[in-house]
Each structure stands twice: as structure tokens, then as C-alpha cells.
Amino acid sequence: MAKYLLLKHYRGAPAAVNDVPMDRWTPEEVSAHMQYMSDFAVRLEGTGEFVDGQALAPEGAWVRYDGEGRPPVTDGPFAETKDLIAGWMVIDVDSYERAVELAGELSAAPGAGGKPIHEWLEVRPFLTAPPTITE
Amino acid sequence: MDESLLRSLTPGVLAVLVRRGADFAAAEDAVQDALVEAVRVWPADPPRDAKGWLVTVAWRRFLDATRADAARRRREDLVDEEPASGPAPAVDDTLQLYFLCAHPSLTPASAVALTLRAVGGLTTRQIARAYLVPEATMAQRISRAKRTVSGVRFDRPGDVATVLRVLYLVFNEGYSGDVDLATEAIRLTRQLAARVDHPEVAGLLALMLLHHARRAARTAPDGSLVPLAEQDRGRWDTRAIAEGVGILQAALARDRLGEFQAQAAVAALHADAPTAEETDWVQIVEWYDELARLTDSPVVRLNRAVAVGEADGPRAGLAALAALDDSLPRHAAVAAYLHERDGDLVTAARLYAEAARKASSLAERDHLTRRAARLNARGCR
């Protein structure tokens with residue numbers, strides 16, 4: 001088994017096929033989208049492949065050390081220029097192919113017009129502990 | 001109350017119920033009930049035959065539960081026809097449990113989880129922690145596995161190779177939480193070896209013991225990897241090495257070579273060498289040739305290239321490597337090492353950095369990054 005991180009982007013990913021901002025959807029379309037995501041998570045709990053998942057607020061800041069005795073620097077009000085992660089899910093699956101298959105399913109969540117968004121999701125393997133046998 | 005006694009008895013009791021025809025999940029519930037009863041009753045009134053006591057109580061619980069369910073009347077009739085006591089002496093129940101847990105219909109992850117639960121007697125929480133997943137996730141994985149094998153009955157022996165693969169997977173997980181999976185795999189393989197007379201079971205047990213013997217020397221206190229050549233051989237567990245070598249020799253004498261015996265032979269040659277320089281690389285290459293014949297695995301051919309590099313020099317190793325697909329995991333790491341040995345430090349540094357980017361484990365990535373950094377620092381001076 002190997003763990004993968006599925007990353008959903010607010011910004012920074014290539015544009016989705018059905019690329020309509022969520023605030024232009026009907027409330028029903030938003031509900032259908034949320035339901036799809038939650039059903040997906042529940043189904044993965046059932047298959048024993050779900051590890052964790054969270055949604056993130058869009059507001060974020062770059063923070064940096066600014067030298068001894070000074071408060072950290074933040075990137076100010078220009079956040080709209082950077083990549084943003086909307087949320088993530090960690091899965092524990094038998095193979096990379098399975099991880100890609102599940103990411104593909106998640107990308108089919110319905111959006112505007114009740115049609116799949118076809119959004120791009122990032123799939124990243126976790127670094128593991130070394131196996132007992134390597135030599 | 002001796003909890004380790006209960007834990008060691010549980011799989012056997014479960015196995016008896018399953019063999020008598022109990023559904024896996026129902027059998028497990030009944031055994032849990034019996035264990036609770038044991039904890040309550042035994043301190044004041046210890047049984048003479050602990051396992052017999054547990055089997056009797058668990059079987060009674062199972063019958064009660066089955067009878068209570070009117071919809072399952074047909075099965076009740078079936079179980080009533082079964083003999084109520086006395087395990088059949090010719091059948092090794094625990095062995096059947098191994099085969100059930102490694103059933104081909106299960107995914108490797110499910111087979112591993114079910115084996116640890118049913119044969120190993122670990123709790124779901126312990127297994128979940130060892131695999132770093134939530135307890136609920138592991139509980140689902142196990143209950144799905146139970147459903148998959150429910151109704152499977154054993155009238156002929158299962159496939160030992162499948163069981164060995166499951167145990168090998170358990171051993172190879174590097175995690176250690178409150179349960180040490182490598183130790184657990186060795187314990188289970190020992191049990192299996194005592195029950196089934198098969199050279200590859202002995203081969204796997206020898207392989208595990210030989211690798212486990214070097215474990216303390218494989219990582220520095222900060223968790224970083226220590227390569228074989230730099231390990232403090234004084235920290236190797238000589239007793240485990242001697243046991244592994246003895247088991248391996250007995251298996252090899254039977255002249256039914258398999259891949260675990262061949263891998264164990266390589267491990268034994270490493271373990272036998274008093275210093276890294278004295279390693280018998282020529283013989284190791286021969287064993288890798290055997291392994292390549294047995295498995296045709298690209299990983300084996302990659303390891304063989306390393307051994308050739310040690311036996312016949314880095315140029316020969318690079319020549320062996322050139323025949324392999326460079327997209328193989330750890331290909332760049334091997335190439336880097338051989339170039340370093342050959343004195344081409346610039347190429348080696350570049351390849352170490354590339355290997356670090358492709359590494360799948362944190363410790364391996366750090367190790368390769370340090371090697372690249374060391375060569376680059378030397379180049380700058």
C-alpha cells in the first residue's frame with residue numbers, strides 16, 4: 001500500500017474543461033458538487049482507502065523570517081497572484097494506477113450545468129519509511 | 001491474567017470455528033465473547049486446558065448467535081449436524097487460517113491486514129497504527145476482507161507461495177509503532193515453518209532473520225541510512241545470523257531452490273563477511289544469476305549489476321547496467337555509485353542528485369542528497 005496526496009487547486013492548476021467559478025453556479029449545483037465530494041470520501045472509507053481530507057480557506061499568506069528581533073514578513077494584499085490549494089485528500093491504495101483512477105473520479109465532480117468540471121487534480125506520492133530490505 | 005497467552009491462543013480457536021463452518025466474521029465475534037468471558041472467569045477458576053475451554057465457549061456463543069437469527073435457520077441445521085467437540089486431529093487449523101487470509105481473491109493490502117488480525121491476533125487499532133491509517137479505515141479494510149472470504153471453505157491445501165508473499169509484505173513494511181511488523185512477520189513465519197515442510201518457507205524465514213540481524217546497524221541514531229559497507233558489524237545480531245544460516249543450509253540441502261532461498265543466500269554471504277572488503281562478491285553474482293533465472297525481475301538485474309561492479313570492477317558493473325532500462329527505481333543511484341567508484345565524480349554527483357529526486361523514501365532521499373553534496377563540495381575546493 002502506498003499513500004498519495006490528491007490536491008485540489010483554487011489557482012495554479014491548468015484550467016478545468018467546465019471552467020465556471022463556483023459563485024456563478026446555482027445553489028443546487030453547489031449542493032450536488034459537495035454531495036459528490038462527500039459521497040466519494042464515504043465510499044473510500046468503505047473500501048479502506050481513505051486516510052484524511054480537509055478543505056482549506058482561500059485566504060493564505062507567504063510568511064518569511066525577517067531577521068533577529070523583527071516580526072516575520074508576510075506577502076501583503078497581493079495574494080491573488082499565487083497558487084492556492086483549495087483542499088486535499090490522502091488515500092492509501094494498492095498502486096499508482098489506482099491513485100490515478102481515483103483522482104480521475106474526483107475530477108468528475110459536477111459543476112455548472114450539472115456537468116463534470118474536468119478539473120485538474122495533482123497526485124503526489126508520499127515519501128515512505130525505507131523498506132526493511134534494500135541491500 | 002496472561003494476555004500474551006490469550007493472544008497466542010486466539011488464532012487457533014478462531015481457526016477451529018472457521019473449519020467447523022462458522023462464517024469468518026461471526027466466528028471472530030464469538031471468539032471475542034469467549035475472551036471476555038475468560039478474562040471474567042479465569043482468575044478465580046483457571047481451566048486445565050485453556051484452548052479447549054475457549055473453543056467450547058466460543059462455539060457455544062457462535063451457536064447461540066446463529067440460532068437467535070431465525071432467517072439463518074438453514075445454516076443452523078447445517079451447524080447442528082457438525083460434531084460439537086473435539087478438533088479433528090489430522091487438520092492443522094491455524095495453517096488453514098494462513099491460507100484463508102492469503103486467499104487470491106483478496107488484494108495484497110487486505111490479505112496483510114486480515115493475516116495480522118486473524119493469525120497474528122493483533123487488534124485493529126494496532127494494525128492501523130502500524131500502517132499509519134485511521135482505525136476506521138483499517139476496520140473497513142478488514143471487514144471487507146472478511147466478507148470476501150466468507151463462505152470460502154478449505155477442502156484442499158492453499159498456495160504456500162501466496163502466504164509467503166503476504167508475510168514478505170508484512171516484513172518489508174519499515175514502520176514500527178507499538179507493533180514491530182518485522183518482528184511480527186518473523187514470529188508468524190516461524191509458526192508457519194513449524195507447520196509446513198517447504199524449502200521456501202525455510203528460505204523466507206532465513207531471509208527475514210538475516211536481514212533483521214543487521215537492523216540495528218542500518219540506521220544512525222538520527223534515522224539516516226548507513227550503507228552496508230559502513231555498518232558497524234559488531235552491532236549485527238550474531239545469534240540471529242547463525243540461526244538464519246543454519247535454516248538456509250538445511251533448506252538448500254534439499255535441492256529445491258526458490259527465490260527466497262536464493263535471496264537468503266545473498267544475505268548470508270553479506271552476514272558472513274567479517275569486513276565489507278572480505279565480502280565474497282563472486283559468489284553473490286552467482287546467486288543473482290540464479291535469482292534472475294528464477295524471477296526475471298528487473299530489480300534483481302539491477303542488484304546484480306552492483307554485485308558485478310564489486311566483483312569485476314566498476315566498469316564491468318556499468319556495462320551490466322547499460323543493458324537495463326534507466327527508468328527502473330534506483331537505477332540512477334546504482335549508476336552514481338559505480339561512477340563514483342570509477343573516479344568520475346562529476347557524473348556521480350549529477351546522478352546522485354537525480355537519484356535523490358526519484359527516491360521514494362525520505363531516508364533514501366536524504367542519503368543520496370548527502371552523497372551528491374559531498375561530491376560537489378569536493379569539486380568546488
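How many salt bridges does the rule find across the interface of chain B and chain A? Just 1, where a salt bridge is a side-chain nitrogen of Lys or Arg within 4 Å of a carboxyl oxygen of Asp or Glu. The side chains involved are D92(A) and R141(B), at 2.9 Å, N to O.

Quick housekeeping. This is a predicted model, where local features need pLDDT of at least 70 and side-chain atom pairs count only at pLDDT 80 or more, while totals for chains, interfaces and linings use all residues. Residues are numbered from 1 along each chain as its sequence is written, chains are lettered from A and ligands numbered from 1 in the order in which they are written, and side-chain values use heavy atoms, leaving out hydrogens and water.

OK, back to that interface. The count there is 8 residue pairs in polar contact, with both residues at pLDDT 80 or more. A polar contact is a pair of N or O atoms within 3.5 Å; within protein, one must be able to donate a hydrogen and the other to accept it, and residues adjacent in sequence count only if both atoms are side-chain atoms.

On the chain B side, α6 (108–118), α8 (135–149), α9 (160–172), α11 (199–213) and α20 (362–380) each supply at least two residues. α8(B) gives the most, with 4 residues. Helices here are DSSP runs of H or I, at least four residues, and strands are runs of E, at least two, numbered from the N terminus.

For the overall footprint, 31 residues of chain B are in contact with 21 residues of chain A, contact meaning heavy atoms within 4.5 Å. The buried area is about 2,300 Å², with carbon and sulfur atoms giving 51%; that is the accessible area (1.4 Å probe) that the two parts lose on being put together, summed over both.

Now over to chain A and its sheet. Four strands make an open, antiparallel sheet in the order β2-β5-β1-β6, and strands pair if DSSP finds at least two bridges between them. β2 (50–55) and β6 (121–125) of chain A are at the edges with a single partner strand each, so one side of each has no neighbour in the sheet.

Take β1 of chain A, residues 2–11. β1(A) pairs with β6(A) over 5 bridges and with β5(A) over 9, antiparallel in both cases. K8(A) shows both pairings: K8(A) stands opposite G87(A) in β5(A), and its bridge partner in β6(A) is L121(A). Also in β6(A), R124(A) is the bridge partner of L5(A).
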